Amino acid sequence: VRRRDLFDRPPLFQQGWIDGGNVALLGDAAHPTMPNLGQGGAMAIEDAFVLGQELEGIQHINEIPSRLKSYQDRRFLRASVAQYLSRNGSDALVDWDKLRNTPIVGPIAMWFVNIFQPISMNYLYSADI
């Protein structure tokens, strides 16, 4: 029996995080993640930092929509990757023993984990924002 009282969702590829006007989402409102990688708070802090950079120096309210679009463009890929890795990591943790001990599939899965986990962790924990 699986029970998870934690919820996430795929990245908002279609609608994005901005309304086209003066409203933007950040943090879990924009890209909720499962907690197993500890990225929810980190992504929110990165969002706030980039949003601050984009809004700095605005001279007129008409500049806001383009600045919010730039914020979304700068953050979307990194936050989406964090969502994906968090979601897949959560699923793998739930079925870890079953996956690891399945003949043929288990050794292949372990090989992938050993190859890609260091790459994904390096990406997550070495922010370039």
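This passage describes helix packing, the largest pocket and the surroundings of one tyrosine in a predicted model.

Two packed helices are described by the angle between their axes and the distance between the axes. In the predicted model, helix 1 spans residues 40-55 and helix 2 spans residues 64-94. These two helices pack at an angle of about 160°, and their axes lie 9 Å apart. Because angles over 145 degrees count as roughly antiparallel, helix 1 is assigned a roughly antiparallel orientation with respect to helix 2. The crossing of helix 1 past helix 2 is right-handed. On the side of helix 1, the contact comprises Met 43, Glu 46, Asp 47, Val 50, Leu 51, Gln 53, Glu 54 and Leu 55. These residues meet Arg 67, Leu 68, Ser 70, Tyr 71, Arg 74, Arg 75, Arg 78, Ala 79 and Ala 82 of helix 2. Classified by residue type, the contact between helix 1 and helix 2 contains 8 nonpolar, 2 polar and 7 charged residues.

Helix 2 also packs with helix 4, at an angle of about 135° and with the axes 11 Å apart. The two helices are therefore oblique to each other. Their crossing is left-handed. Helix 2 contributes Leu 77, Arg 78, Val 81, Ala 82 and Leu 85 to this contact, while Ser 120, Tyr 123 and Leu 124 are contributed by helix 4. By class, 6 nonpolar, 1 polar and 1 charged residues make up the contact of helix 2 with helix 4. Arg 78 and Ala 82 of helix 2 thus appear in the contact with helix 1 and also in the contact with helix 4.

Empty space in the model was examined next. Rolling a probe the size of a water molecule over the atoms shows where empty space is left. The largest pocket encloses about 550 Å³ of space. Its lining consists of 17 residues, and those nearest the centre of the pocket are Asn 88, Gly 89, Ala 92, Val 113 and Gln 117. Helix 2, helix 3 (96-101) and helix 4 (105-125) are the elements that each give two or more residues to this lining. Helix 4 provides the largest share, 7 residues. The lining of the largest pocket has 12 nonpolar and 5 polar residues, with no charged residues.

Helix 4 also contains Tyr 125. The C-alpha atom of Tyr 125 is separated by 9.4 Å from that of Ala 42, although the two residues are 83 residues apart along the chain. When neighbours within four places in sequence are left aside, Tyr 125 is in contact with Leu 37 and Gln 39.

Notes:
Residues numbered from 1 in each chain as written. Predicted model: local features only at pLDDT ≥ 70, side-chain atom pairs only at ≥ 80, totals over all residues. Heavy atoms only, no water. Axes fitted to C-alpha atoms, helices over the stretch in contact; angles between N-to-C directions. Helix = DSSP H or I, 4+ residues; strand = E, 2+ residues; numbered from the N terminus. Parallel < 35°, antiparallel > 145°, perpendicular 65-115°, else oblique. Left-handed = near helix turned anticlockwise from the far one by under 90°. Contact = heavy atoms within 4.5 Å. Nonpolar A, V, L, I, M, F, W, Y, C, P; charged D, E, K, R; others polar. 1 Å grid on protein atoms, 1.4 Å probe; cavity = no way out; pocket = protein on both sides within 12 Å on 5 of 7 lines; lining within 4 Å. Points joined across faces, edges and corners; volume = space filled by probe spheres on them.
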